[in-house]
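Student: Could you take me through one part of this protein closely? I would like to see how a sheet is put together, what packs on it, and how charged side chains tie the surroundings together.

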Amino acid sequence: MDLVQLEFDTELTLGKSIENIGYTPLHDTYKKFGRFPMIDPDWNETAFDTIDLMVALRLYNNKHLINSYVSADYKNSSNNILQLRQQDFGLPSREYYLKDQYATELEAYRQYIVDIATFFNSSKVDAETDAADLIKFETYLANVSQSKAETRDPAANYMKYTVSELYTNISSEFEWLRYLNGFFQVVNYTFTNDTELVVHSTEYLIKMTEKVLSTPKRVLANYIIWRFTMNRVSNLPKSIQEIEAKFDKIVYGVQSKPARWKKCVDYTNGFMGMAVGRLFVAKHFPEEAKSMALDMISGIRKAFTGLLNTVPWLNDKTREVAKEKEEAIVEKIGYPEWIMNNTRLNEEYKGLLGNIADDKYFANTVASLRYLCNYELKYILEPVKREFGASPPTVNAYYSGTFNQIVFPAGILQPPFWGRDRPISLNYGAIGMVIGHEISHGFDDRGRLFDKDGNLVKWWDDEVMNGVNTQSENIADNGGIKQSYQAFLHYQKKHGQGEVLPGLEEYTPNHLFFIAFAQQWCVNYRPQALKVAVEEGVHSPSMYRVRGPLANFEEFSKVYKCKSGSSMNPVKKCAVW
Ligand SMILES: [Zn+2]
């Protein structure tokens, strides 16, 4: 617990010392990476080595050029395996480099690079040249990467290779073994030519490695270290953060930096989520919340099984397997039990102890990244543990296809999603719908590809899902509200209508159900943020997450008496679940 306090304090109270320490820790880090050519005339081209730099950055969890991580194998879900994907980008998505409509954002990105370089005393002319080369290189990578839609299909992209096959199928010149063993040596794991791994972006890796081998060293070093720099600007003094703010305003519509304490909470939760979770749960998650959530889940799962029994488009064979899968879904609520065990919790963060000092903010952040990297690479030494994967304070929920698991952290079992002392209709409308949503993910266009044990196998007759190309989140939203409403009606039969809200007596509990549903997605987008949400987000923008499912739901129109054919009650309604 002291460590959480220390991590948080160094984040929060050291605003002054961040200013005092200045940029020395950053420049020290650059030296470890062989210097940042864009700002450092002492960069040595002859000494530069791409693999060394990629490895050095990977050890700080910076996965540039190749996104690598260890997790459950889609085709053998009890086995942890290394997986390789295309990288993400400095701008929100690849489209920002390729489409004219994002010209303003791309220019802001270029200016951001130039401003940072000149901030560190590069000449304007050199900075402009370096920035142009860097963006040209990144645009090439954007061009050869897959769109979000293309990466969605796990079956189409999955390739299992041995390391030897990386040489034969992707690049014979890229030094795969030196790259992989470069970072896996920190957990004493050695790849050989026969070691298997999973590749999700074969085409990208072919083109990327080819490009890297023919790109000037200066451009590669600038690009990789630029991406690291961009990730760390928030940990540096105010003067450089002002440059970042200009960029954030244009690209994300951010008008002012969030308060420092908010960033501190994010960082501390990001690095030590389970320890923060222990403190959070003690204060904000009564045992009762867990049992009430379990009750709701059980009702909503019954409603979903009811749907599985009745939807006309499932054939009997698929219906039976789907029911088996539903029965096998594992529920994880609130937090993992082990965080209540002090010994285990201390063990968990052992790697951080001794690396956090109260006067070294930037160094602490970098040490925490290193810890996180080691922690995750170690998975390769163990079989898959189907543990609670989110930090307890997380305000989100998810379905895991490889674990066939639904997870509701303590953070989402709070208002406005859930409350102990409020009308039950509000809980069904809000968290109930989220529960139905997550269950539906197990049976949407993506979830249906995984069987009850989380393996990517074909158990679904293709004919039954023909023509259903809708994104999985929309399927889950449309299904989620129906299942929760069914469960709510069932609850009403057993326990009565439920309470109304004082002062709002004209709204019945059934009205309130839908109000709570809509209210939980309340949001006010700035135009730039809406653009990012549309291009990048897996969810539809929030207003459509409300209007779409309600317009598709008969019962909503009954309760609110919407005229048939009106915008909220169209004659033609869509449904999967
Ligand atoms: Zn979802």
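Tutor: Happy to; here is a walk through one sheet, the helix across it and the salt bridges around that helix.

A word on ground rules first. This is a predicted model, in which local features need pLDDT of at least 70 and side-chain atom pairs count only at pLDDT 80 or more, while totals for chains, interfaces and linings use all residues. Residues are numbered from 1 along each chain as its sequence is written, and side-chain values use heavy atoms, with hydrogens and water left out. The mean pLDDT (the predictor's confidence in each residue, from 0 to 100) is 92 for the chain, and 96% of its residues reach 70 or more. Over residues 465-470, though, the pLDDT is below 50; beyond near neighbours in sequence, this stretch has 12 contacts in the model, a contact being heavy atoms within 4.5 Å.

Now to the sheet. Helices (H or I, at least four residues) and strands (E, at least two) are DSSP runs, numbered from the N terminus, and two strands pair if DSSP finds at least two bridges between them. On that basis, 4 strands make an open sheet of mixed pairing, ordered β1-β2-β4-β3. The edges are taken by β1 (66-73) and β3 (159-162); each has a single partner strand, so one side of each is left without a neighbour in the sheet. Ignoring direction, neighbouring strands are turned by 35 degrees against each other on average; axes here are lines fitted to C-alpha atoms, for helices over the stretch in contact, and angles run from 0 to 180 degrees between N-to-C directions.

Look next at the edge strand β1. It runs antiparallel to β2 (residues 76-86), and 8 bridges join the two. Within this pairing, Tyr69 stands opposite Gln83 in β2. In general, strands of a sheet pair through backbone hydrogen bonds, either parallel or antiparallel.

What lies across these strands? Helix α11 (residues 176-184) lies across β1, β2 and β4 (196-199), at about 70 degrees to β1.

That helix brings us to the charged side chains. A salt bridge is a side-chain nitrogen of Lys or Arg within 4 Å of a carboxyl oxygen of Asp or Glu, and by this rule the count comes to 29 salt bridges. One of them joins Arg178 and Asp49, at 3.0 Å from N to O. Arg178 lies in helix α11 and Asp49 in the loop between α3 (24-32) and α4 (50-58), so the pair ties together parts that are 129 residues apart in sequence.

Arg178 also forms a salt bridge with Glu175, with the closest N and O atoms 3.0 Å apart. Together, Asp49, Asp52, Glu175 and Arg178 are linked in a network of salt bridges.

Are these side chains buried or exposed? Buried means under 20% relative accessible area, exposed over 50%, and partly exposed in between (1.4 Å probe, protein chains only). Arg178 counts as partly exposed at 32%, Asp49 is partly exposed at 24%, and Glu175 is partly exposed at 38%.

To finish, the part sits within a recorded region: the UniProt annotation "domain: Peptidase M13 N-terminal", from an unreviewed entry, covers residues 17-336. UniProt positions are given in the numbering used here, feature names are shortened, and annotations may be inferred rather than shown by experiment. The span is 61% helix and 10% strand, and its end C-alpha atoms lie 36 Å apart.
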